[in-house]
Amino acid sequence: MALIRCQDCDHEVSDQAASCINCGRPIKETAESSNPMTAAWAAVTRSKTPINLFALAMMACAAVLGISAKSVTSSCALIAFTYTLHTFLAVAGMFFVTLLFCRAGIYHPDDLAKAKRDGLPSLGRDKPLIAAGLIVLMFTAYALYQKSQGVPAC
């Protein structure tokens with residue numbers, strides 16, 4: 001057994017360890033890592049920030065929406081697809097508004113602590129009430145828009 005340095009965080013770790021105890025980077029290649037699905041899930045579980053997880057989720061949703069757009073054949077299916085797309089865009093909008101006014105949520109707490117130790121300036125105060133107000137405004141605007149459109153007919 002020997003101590004080696006992690007390629008990501010430069011932390012000392014045993015060469016027998018499955019992953020770095022500091023950052024989670026895999027040390028040993030396993031038979032499972034050759035499986036693309038396992039490797040994709042490992043990328044999700046190693047993700048340290050909400051923005052990374054959100055980006056992966058948005059890519060998956062966009063792929064599902066893209067595939068399902070081909071199957072829209074009737075007016076009822078088009079209405080359902082439109083509402084699904086609206087929901088997708090609303091979730092994306094809410095997340096980005098939240099990140100805009102709650103910047104510390106973008107970063108992992110360990111990364112923030114390291115930046116502070118390194119002397120980088122603070123990100124400033126988070127403003128969750130502004131984010132919540134904008135999200136309520138988005139919901140209200142969408143509700144008014146839907147009310148002006150009337151009830152769709154299939």
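Follow the chain from its start and you get the pattern β-β-α-α-α-α-α. In other words, there are two strands and five helices. Keep in mind that this is a predicted model.

Let's get a feel for the whole chain before going into details. It has 154 residues, and 14% of them count as buried. The chain exposes about 11,200 Å², with carbon and sulfur atoms supplying 67% of that area. As for how the chain meets itself, take the contacts with a separation of 6 or more: residues 24 or more positions apart make up 41% of them.

Now to the strands. Strand 1 covers 3-5 and strand 2 covers 12-14, and the loop between them holds Asp10. Have a look at the backbone there: Asp10 has a positive phi of about 65°, even though it is not a glycine. Asp10 is at 48% relative accessibility, so it falls into the partly exposed class, which runs from 20% to 50%.

This part of the chain also has a salt bridge, formed by Arg5 and Glu12, whose closest N and O atoms are 3.7 Å apart. The count of salt bridges comes to one, with a cut-off of 4 Å between the nitrogen and the carboxyl oxygen. How exposed are the two partners? Arg5 counts as partly exposed, at 48% relative accessibility, and Glu12 is partly exposed too, with a relative accessible area of 42%.

Moving on to the helices, stop at helix 2, which spans residues 50-69 and includes Leu53. On the surface, Leu53 joins Leu56 and Met59 in a nonpolar patch, and together the three have about 260 Å² of accessible area. Why can Leu53 be part of a patch? Patch members need over 30% relative accessible area, and Leu53 has 39%, so this leucine clears that bar while still being classed as partly exposed.

Finally, go to helix 5, which runs through residues 128-149, and find Gln146 in it. Is this glutamine buried or exposed? Its relative accessible area is 18%, so Gln146 is buried, the limit for that class being under 20%. Leaving aside residues up to four places away in sequence, Gln146 touches Tyr83 and His86. If you have the structure open, click on Gln146 and show these two residues alongside it to see the contacts.

How values were computed
Residues numbered from 1 in each chain as written. Predicted model: local features only at pLDDT ≥ 70, side-chain atom pairs only at ≥ 80, totals over all residues. Heavy atoms only, no water. Helix = DSSP H or I, 4+ residues; strand = E, 2+ residues; numbered from the N terminus. Buried < 20%, exposed > 50% of the residue type's maximum accessible area, 1.4 Å probe, protein only. Contact = heavy atoms within 4.5 Å. Patch = residues over 30% accessible without salt bridge, like charges linked within 9 Å, V, L, I, M, F, W, Y side chains within 5 Å. Areas by Shrake-Rupley, 256 points an atom, 1.4 Å probe, with all protein chains shown as cover. Salt bridge = Lys/Arg side-chain N within 4 Å of Asp/Glu carboxyl O.
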